[in-house]
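Q: Could you give me a friendly but close look at how one part of this model is put together? I'd like to start with the backbone and work outward from there.

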Amino acid sequence: MTLKDFLTQNDRFAANSGCILKEVREGYARAELLVTAEHLNAGGVCQGGVYFTLADIALAAVMNSREALTFGIENNIVFLHSSKTGDTLIAEATEVYNHHKIPYVDVRITNQRGELCCVVTGLAYRKEAKLPVEGLM
């Protein structure tokens, strides 16, 4: 089982939210989500938790791309542009600093027009335990 398969099968919240992990490389991941009516807040735009969930699955892929069990310990999120039904959100996560215990990742979420909608940064704690995966994709 690859890391992509492992996260796709076991992160049920992200999957049930519509997040699709598209690509995983060492230090990089991309996930996408189609915004539907179920993703909207009371103001009629994409709810902030949707952005965070999409970013979180991309963060998880990057932070675990070293094949060691890694858990997020701190995140910061900045909302820059609203999204509405029919928009496709693309989260690209990049490892900024590969510390052996505390990696740092940056996620940029854009829409299908390339407009920057959200930025998430994250720190994680990397354990010594290996993941039960063979490869990333």
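A: Strand 1 (residues 20–25) and strand 2 (residues 28–34) run antiparallel to each other and share five bridges; two strands count as paired if DSSP finds at least two bridges between them. Strands (E, at least two residues) and helices (H or I, at least four residues) are DSSP runs, numbered from the N terminus. Please keep in mind that this is a predicted model, in which local features need pLDDT of at least 70 and side-chain atom pairs pLDDT 80 or more, while totals for chains, interfaces and linings use all residues. Residues are numbered from 1 along each chain as its sequence is written, and side-chain values use heavy atoms, with hydrogens and water left out.

To find your way along the first pair, look for I20, whose bridge partner in strand 2 is E32. The two strands form a hairpin with two residues between them, and G27 there has a positive phi near 85°. Strand 2 also pairs with strand 4 (residues 88–97), in the antiparallel sense, through seven bridges. On that side L34 stands opposite T88 of strand 4. As you follow any of these strands, it helps to recall that side chains in a regular strand alternate between the two faces of the sheet.

There is further pairing around strand 6 (residues 116–130). Strand 3 runs antiparallel to strand 6, with 10 bridges between them, and F79 has C118 as its bridge partner there. Strand 5 (residues 104–110) is joined antiparallel to strand 6 by seven bridges, and here I109 has C118 as its partner. Strand 5 and strand 6 also make a hairpin, this one with five residues between the strands, and G114 in its turn has a positive phi of about 85°. A positive phi turns up in a residue other than glycine too: E67 has a value near 65°. E67 sits in the loop between helix 3 and strand 3, and counts as partly exposed because its relative accessibility is 27%. The scale used here calls a residue buried under 20% relative accessible area, exposed over 50% and partly exposed in between (1.4 Å probe, protein chains only).

Back along the chain from that loop is helix 3. Its 16 residues should span 22 Å at 1.5 Å a residue, and its end C-alpha atoms are indeed 22 Å apart; the expected span is 1.5 Å times one less than the number of residues. Helix 3 is mostly covered, with 12 of its 16 residues buried, among them V50, Y51, L54, I57 and M63. At the N-terminal end Q47 acts as a cap, with a side-chain oxygen 2.5 Å from the backbone nitrogen of G49. The backbone oxygen of G49, in turn, lies 2.8 Å from a polar side-chain atom of T53. A polar contact here is a pair of N or O atoms within 3.5 Å; within protein, one must be able to donate a hydrogen and the other to accept it, and residues adjacent in sequence count only if both atoms are side-chain atoms. T53 belongs to helix 3 and counts as buried because its relative accessibility is 11%.

For contrast, try F13 in helix 2 (residues 12–17), which is exposed, with a relative accessible area of 59%. The C-alpha atoms of F13 and I57 are 9.6 Å apart, although 44 residues separate them along the chain.

Finally, the largest pocket has a volume of about 290 Å³. It is lined by 16 residues, and L7, A60, N64, T70 and F71 are the closest to its centre. A pocket is an open set of points on a 1 Å grid over the protein atoms alone where a 1.4 Å probe fits, with protein on both sides within 12 Å along at least five of seven lines, and lining residues have an atom within 4 Å of a point. Helix 1 (3–10), helix 3 (48–63) and strand 3 (68–79) each give at least two lining residues, and strand 3 has the largest share, with five. By type, the lining divides into nine nonpolar, five polar and two charged residues.

Key. Grid points are joined across faces, edges and corners, and a volume is the space filled by probe spheres set on the points. Ala, Val, Leu, Ile, Met, Phe, Trp, Tyr, Cys and Pro count as nonpolar, Asp, Glu, Lys and Arg as charged, and the others, Gly among them, as polar.
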